[in-house]
Amino acid sequence: MPAVRGDGMRGLAVFISDIRNCKSKEAEIKRINKELANIRSKFKGDKTLDGYQKKKYVCKLLFIFLLGHDIDFGHMEAVNLLSSNKYSEKQIGYLFISVLVNTNSELIKLIIQSIKNDLASRNPIHVNLALQCIANIGSREMAEAFGNEIPKLLVSGDTMDVVKQSAALCLLRLFRTSQEIIPGGEWTSRIIHLLNDQHMGVVTAATSLIDALVKKNPEEYKGCVSLAVSRLSRIVTASYTDLQDYTYYFVPAPWLSVKLLRLLQNYTPPAEDPGVRGRLNECLETILNKAQEPPKSKKVQHSNAKNAVLFEAISLIIHNDSEANLLVRACNQLGQFLSNRETNLRYLALESMCHLATSEFSHEAVKKHQEVVILSMKMEKDVSVRQQAVDLLYAMCDKSNAEEIVQEMLNYLETADYSIREEMVLKVAILAEKYATDYTWYVDVILNLIRIAGDYVSEEVWYRVIQIVINRDEVQGYAAKTVFEALQAPACHENMVKVGGYILGEFGNLIAGDQRSSPSVQFQLLHSKYHLCSPMTRALLLSTYIKFINLFPEIRTQVQEVFKQHSNLRSADAELQQRASEYLQLSIIASSDVLATVLEEMPAFPERESSILAVLKKKKPGRVPENEIKENKSPTPVTNHNNDVNNSSAVSGDLLGLSTPPTAQPNSGNTGVLLDVLGDIYGGKQANNSNSATQPVNMYNPKKFVCKNNGVLFESDLIQIGVKSEFRQNLGRLGLFYGNKTNVPLQNFVPTLSWPDDQASKLTIQMKPVEPVLEAGAQIQQMINAECVDDYTGAPSIVLSFLYLNVPQKITIKLPLTINKFFEPTEMNGESFFARWKNLGSTNQQRSQKIFRATQQMDLQAARTKIMGFGMQLLDGIDPNPDNFVCAGIIHMRSQQVGCLLRLEPNKSAQMYRLTVRSSKESVSIEICDLLADQF
Amino acid sequence: MMQFMLLFSRQGKLRLQKWYVAHPDKLKKKITRELITTILARKPKMCSFLEWRDLKIVYKRYASLYFCCAIEQEDNELLTLEVIHRYVELLDKYFGSVCELDIIFNFEKAYFILDELLLGGEIQETSKKTILKAIAAQDLLQEDEAVEGALRDIGLLRKHRKVSLTTMALDNHNRLT
């Protein structure tokens, strides 16, 4: 046992030793339980417990908690310690509270009183204890209780420096909790002037506070700029002996320097005051100069502290983006770091250069380092550094070096780390599109991407190549020829089959003249892949085949034969079966004129920003990778041969609609997608039934939509709201159809989303705005995109407000976006089901069970329909009791997938159900159980 | 602003945790587990920084102990390494050549020292002298109150300490170069 300082607690040390001597987890738990029982009885029975003992026991509880065990008592005793007149007891009380008490605890009120007393103490050590506690907990109640006191403490002339430091940071913490606590007016200048304080510690703490205040109200705190520059200037010109203990390994006040440089990044360069601006530039130059001086020490602490200041100065230079000379110098400095032997420096230099690459002043300077960066991408041992190199290549790419960079990235992709492949694919796709002057190059790059990293090519990428080929005549023949060649490979990726199928279906005729790619050869080549593909791809191929009938009448019988084969039970998938039989009928019945009209070449897609970019941005919540600098300089040649196709309908970035089941996009005009050739097959009832007077009025039953995706969501005398939705993986798309049933326009028609902030990050929603007027009898459509990021509860609502004959109306409707919508049904046999079932049931945390009385008549057939609509796979013949329902599914979220099993046991005689849900996540089990239990 | 600091051993045992943002206990445990696994899996020469969710993780190993901080996007990675180093120096000065056992047995002291260095996730005081003075003043208050003398305690327990030094001591040489 090591020595204990201060007033060591022998009992505590003995207890810790005991725990450390425990040979097993069980022994440890036993020892802890014994101790807990002992402490509990001491706290309960012994009224004469003195302060020392109370402190010792509270400290033991704290230790047990820190070992990872739950502590559900002792809080009161800890609060009692706060009012002890012995400092050591008080201090332990505060520590316990800081570590264990939640912000919303009932105890807060009691604590606040003790803190008030200590805050008023004349002993600065006591005052600081109180301030630290406030800063540690930092709840709203604390902000209310101390919002008046702490600013006074901060600026008062009587306050000691140590207390000022704590007060500044304490105030900062409370400000983060509740922004209104900072007084304005004369306080502003008093707080700003803390930057002039004699004591470096006070200035450091105050700078953090001011930085946060400035972010909220830059105008009010503007005065801090010149003070910060002066202070900075004094530090950078100081010799390292001037600042005594604030010099860290020969670097004068690195913490304060970094804070000041950070603070200045809240403002644009001080243009109106050339003096300040000049002084700031001098500081920045001095910092850059110092970087070139030989190090004053070989210790890594010296170089870290020095470079911390340097990197922050470079950040400021980039932020100001106005001094070409400084930007280029910064770039040269970072270039030296690229070959430094410290991994940390190389990592930071790459990251910082990314920002430099987006400035027009330094973009060219960054490009000089291209070779080294490519080497970093290939050679660095640490994947996070390689990732930075990829980001930098992306940022420094422009028209002049695009071909080389894209080629290097493609080469590297073959061996790249799995964790960065998907992002690299997106980057290559974006660069190739952005800087393509020759679209054959673009097509080659994308097809190479699919060949090298097909699994990582997301839909957005291959949708995009098709959009571009369709919009550009000059590349269509080349594209057809290239995909045809690519499909010759014995094993080609399914994404290649998709692109190939689509492009040949549209432009196969352009290469049909060559005997080697005659219609029949094309067809056989595609069909040889058919059996290896997923239903979605097969559906796409069937559409290609019907287009072939139009393009190449000579192979009609050959194609019809295939339709015949797949129009019956051989296709297990209902969608494929239906498609095959309808295409077959179409090819038999329709005259060639009709066929030619129906299967006409796709019209051009409306030009818009690549949706791939949005995907990339989403993948990087922390830092958005940029490749923006060149945007304005090099207008990408957009030669849309059909620019005037004015398409007003809201079409989002996807090409095939959202999912395998054909997407009925009502009225989507000539952007009607390939799979829609025959319109609405699955046919959710069109909701624009606007003159149906027989409908019940004010119909609204959101519960129904837990197990249902399409239908009339709401109906009243005035309005009917229909919904159609599709989900795939963790993405969902909803179309809401607002139909005006009256004969006057509905004015100020505004649907707004209502979805609590804490949930909104877990299920992100994007809504397209709608026209503010809904004409009499008209129907408008609103598209809503949803992405499931993490598990959530409930569902968002739409609050619809409008004026009907100038009377405001407000309707709130729950959207059918409960978490079960993101289920993917999973097929499994009895054996694997029960194995998983057992596995998941081992802890309480994973399962949720409800036993409840049937609220509706027990109709097993109806129950079956509901369960099937719920989204999981209904597994028949697994449960020994045929009345029981057993299901399996996977919920897709952006970051994870949660497997989920379910069993519903109806008991007819008792009119009861028992529902059990097991999943790898407790919160999911509960939510799924709650959602489904509500249905019966 | 620093969001939290974790100290854990090479065996993955958490030795100290300080949270500057409020999270439910469950989430804290999850984060801790995730980071300990991630960091222990990294090789010695790798970069000390990594991106994790929307935060930056800065970590450094001192002998048997890992120090790991989560900071926000705009915070300075290199300087965070030096926050860690300053903390180690303070512990070292206070305990006299600190080792993992010191932190286990005197975890409350480790917290008190950290509270002087950082407050609410921001640096409060960087001067080693000032912080050690503040801690000494606290100890003085305690010692006045304590029944037993601190000196006797140290004398009593020195024997054990030698054992710990050889096996667990933080590697001074490594750290200061």
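**Strands, cores and loops in a predicted two-chain complex**

F250(A) lies in the loop that separates β1 (247–248) from β2 (251–252) of chain A. Although F250(A) is not a glycine, its phi is positive, at about 70 degrees, and with a relative accessible area of 34% the residue is partly exposed. A comparable description can be given for chain B, where A63(B) is found in the loop between β4 (55–62) and β5 (65–71); A63(B), likewise not a glycine, has a positive phi of about 50 degrees and counts as partly exposed at 21% relative accessibility. These values, like those that follow, are computed from a predicted model.

For the complex, the predictor gives an ipTM of 0.85 and a pTM of 0.68. Chain B has an average pLDDT of 83, and 82% of its residues score at least 70. Two stretches of chain B call for caution: over residues 147–153 the pLDDT stays under 50, and the model has seven contacts for this stretch beyond four places in sequence, while over residues 157–177 of chain B the pLDDT is also below 50, with 42 contacts in the model beyond near neighbours in sequence. Where pLDDT is low, the predicted coordinates should not be read in detail.

In secondary structure, chain A contains 37 helices and 17 strands, and chain B contains seven helices and seven strands, the elements of chain B running β-β-α-β-β-β-α-α-α-β-β-α-α-α from the N terminus on. Of the 936 residues in chain A, 56% are buried; of the 177 residues in chain B, 60% are buried. Among contacts in chain A between residues at least 6 apart in sequence, 67% join residues at least 24 apart, and in chain B residues 24 or more positions apart account for 54% of the contacts with a separation of 6 or more.

The largest nonpolar core has 284 residues, and those with the most contacts inside it are Y545(A), F563(A), Y87(B) and F107(B). Helix α2 (residues 77–95) of chain B provides the largest share of this core, 11 residues. Because domain 1 (1–101) and domain 2 (456–656) of chain A both give residues to the core, it lies between them. The surroundings of Y545(A) can be listed explicitly: leaving aside neighbours within four places in sequence, Y545(A) is in contact with F523(A), L526(A), H527(A), Y530(A), V559(A), V562(A) and F563(A). A second, separate core comprises 62 residues, including W755(A), I811(A), A863(A) and F885(A).

In chain A, three strands form an open antiparallel sheet in the order β7-β10-β11. Its edge strands, each pairing on one side only, are β7 (747–754) and β11 (807–814), and the twist from one strand to the next averages 15 degrees. Six bridges join β7(A) to β10 (residues 797–804) of chain A, the two strands running antiparallel, and within the sheet P751(A) stands opposite L800(A) in β10(A).

Further along chain A, strand β17 (residues 912–919) has six of its eight residues buried, so it is largely enclosed by the rest of the structure. Two pairings involve this strand. Strand β13 (residues 847–853) of chain A is joined to β17(A) by seven bridges in the antiparallel sense, with R847(A) standing opposite R918(A). Strand β16 (residues 897–907) of chain A also pairs with β17(A) in the antiparallel sense, over eight bridges, and here C900(A) stands opposite S919(A). β16(A) and β17(A) form a hairpin with four residues between them, and in the turn Q911(A) has a positive phi of about 55 degrees.

Strand β16(A) is linked by contacts to M872(A), which is placed in the loop between α36 (860–870) and β14 (873–874) of chain A. At 4% relative accessibility, M872(A) counts as buried. Beyond neighbours within four places in sequence, the contacts of M872(A) are F823(A), P825(A), I867(A), C887(A), A888(A), G889(A), C900(A), L901(A) and L902(A); among them, C900(A) is the residue that stands opposite S919(A) in β17(A). M872(A) and E827(A), which are 45 residues apart in sequence, have a C-alpha to C-alpha separation of 9.3 Å in space.

Definitions and conventions. Residues are numbered from 1 along each chain as its sequence is written. Chains are lettered from A and ligands numbered from 1 in the order in which they are written. This is a predicted model: local features need pLDDT of at least 70, side-chain atom pairs count only at pLDDT 80 or more; totals for chains, interfaces and linings use all residues. Side-chain values use heavy atoms; hydrogens and water are left out. Two strands pair if DSSP finds at least two bridges between them. Axes are lines fitted to C-alpha atoms, for helices over the stretch in contact, and angles run from 0 to 180 degrees between N-to-C directions. pLDDT is the predictor's confidence in each residue, from 0 to 100. Contact means heavy atoms within 4.5 Å. A nonpolar core is a set of buried Ala, Val, Leu, Ile, Met, Phe, Trp, Tyr and Cys residues joined through side-chain atoms within 4.5 Å. Buried means under 20% relative accessible area, exposed over 50%, partly exposed in between (1.4 Å probe, protein chains only). Domain bounds come from an automatic or database domain assignment.
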